[in-house]
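The following report describes the domains, sheets and selected local features of one protein model. It proceeds from the domain level to individual residues.

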Amino acid sequence: MPELPEVEHVKRGIQPLIEGATIENVTFSPSVIRGKSEGKATIIKGISLEAFKQYTIQFTIEKVYRKSKYILIELMNNTTKRVLISHLGMAGGFFVVKNIDDIPITNYRKHWHVIFHLSNDWLLVYSDIRRFGEIRNVQTLEEYPSILEIAPEPFDDAALPHFLSQFEVKKFQNMPIKRMILEHRVISGCGNIYACEALFDASIDPHRISKTLTLNERIEVFNSVVKALEKGILYGGTSISDYVHADGQRGTMQNNLKVYKQKICSICQSPIETAIIGGRNTHYCKNCQK
Ligand SMILES: [Zn+2]
């Protein structure tokens, strides 16, 4: 599943090519059209295909940014504002190409679902092999409240005070710390791989109940999450699944993991333990993480 670093790379890949361009037309794949007619809402959620076109065609792309694992594209037509909100699901991706045939990965070339035809002759293409991703078209973010409840971006100054304040929230107090940091209301965009890596870096046992962490340990966990995400961005994310970037490049973070799906601890040489916490596979070193 694309996590924050992968989504950041998708955003960086498409942003310079699409900002400032006007969307001249939109094409939907046969499965998007069929899905809508069968009431399944494939990819395009919360809006009819006609209304999606009405609020996209002749709109100019003003700004592209990322919030947690969402890509947001602000559109403007005269005084009418719209926002495209996209989540890449399990294996979605955006590509900017001149022709569909230029998409470098066969599966993504085959499984295109939405094409935005831009005034600068580029095509912005949303491809999705498993079709778990989505694109919404809203007037304001208030129309999609789940995006408003996400914690501040982990790299923003507001993120640490927000994170620390969440230890006062009752439902998080008795949660294992591993589960708590996966909550996007607590810290934004820390997926499973990065949560395992961060707790190893902070030397904290993922089972620890969050209220038992000292203030210093809480700060340590936060700093380690930021460090893990920054490292993920630096290495272009992971390509543990079939995921690729907008430019077709694969991330190499999977070669730089310390604990996630590893066998031996790089510090003490003990075997890495696996546990299920909050339904997610968790990898940790019993010896180094207390
Ligand atoms: Zn160890």
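Domain bounds are taken here from an automatic or database domain assignment. On that basis the protein has domain 1 (4-148) and domain 2 (159-284). The structure is a predicted model, in which local features need pLDDT of at least 70 and side-chain atom pairs count only at pLDDT 80 or more, while totals for chains, interfaces and linings use all residues. Residues are numbered from 1 along each chain as its sequence is written, and side-chain values use heavy atoms, with hydrogens and water left out.

**The interface between the domains**

The C-alpha centres of domain 1 and domain 2 are 29 Å apart. Contact (heavy atoms within 4.5 Å) involves 22 residues of domain 1 and 18 residues of domain 2. The size of an interface is often given as the accessible area lost when the parts come together. Buried area is defined accordingly as the accessible area (1.4 Å probe) that two parts lose on being put together, summed over both. Between domain 1 and domain 2 it is about 1600 Å², and carbon and sulfur atoms give 63% of this area. Pro5, Glu6 and His9 together supply 32% of the area that domain 1 buries against domain 2, more than any other three residues.

Two kinds of interaction were counted across this interface. A salt bridge requires a side-chain nitrogen of Lys or Arg within 4 Å of a carboxyl oxygen of Asp or Glu; the rule finds zero salt bridges between domain 1 and domain 2. A polar contact is a pair of N or O atoms within 3.5 Å; within protein, one must be able to donate a hydrogen and the other to accept it, and residues adjacent in sequence count only if both atoms are side-chain atoms. Three residue pairs, with both residues at pLDDT 80 or more, are in polar contact between domain 1 and domain 2.

Which elements give two or more residues to the side of domain 1 that touches domain 2? They are α1 and β5 (92-97), where helices (H or I, at least four residues) and strands (E, at least two) are DSSP runs numbered from the N terminus. Helix α1 provides the largest share of that side, nine residues.

**The two sheets**

Strands are taken to pair if DSSP finds at least two bridges between them. One open sheet has four strands in the order β2-β3-β4-β8, with antiparallel pairing. Its edge strands, β2 (60-67) and β8 (134-138), each pair on one side only. The twist averages 20° from one strand to the next; axes are lines fitted to C-alpha atoms, for helices over the stretch in contact, and angles run from 0 to 180 degrees between N-to-C directions.

A second open sheet, also of four strands, follows the order β1-β6-β7-β5 with antiparallel pairing. Here the edge strands are β1 (23-28) and β5, each pairing on one side only. The twist in this sheet averages 15° from one strand to the next.

Several strand pairs are listed below with their bridge counts and one bridge partner pair each.

| Strand pair | Bridges | Facing residues |
|---|---|---|
| β2 and β3 | seven | Lys67 and Tyr70 |
| β3 (70-77) and β4 (80-87) | eight | Met76 and Lys81 |
| β6 (112-118) and β7 (123-128) | five | Ile115 and Val125 |

In addition, Leu72 has Ile85 in β4 as its bridge partner.

Helix α1 (residues 4-18) lies across β2 and β3, running at about 165° to β2. α1 also packs on the sheet that holds β5, touching β5, β6 and β7, and its direction makes about 30° with that of β5.

**Turns, loops and charged pairs**

Most residues other than glycine have a negative phi, and most peptide bonds are trans. Against this background, positive values occur at several places. β2 and β3 form a hairpin with two residues between them, and Ser68 in the turn has a positive phi of about 50°. The hairpin of β3 and β4 likewise has two residues between the strands, and Asn78 takes a positive phi near 55°. Ala41 has a phi near 50° and is found in the loop between α2 (30-37) and α3 (49-54). Arg131, with a positive phi of about 60°, is placed in the loop between β7 and β8.

The salt-bridge count comes to nine by the rule stated above. One pair is Glu8 with Lys11, whose closest N and O atoms are 3.7 Å apart. Both residues lie in helix α1, three residues apart, about one turn of the helix.
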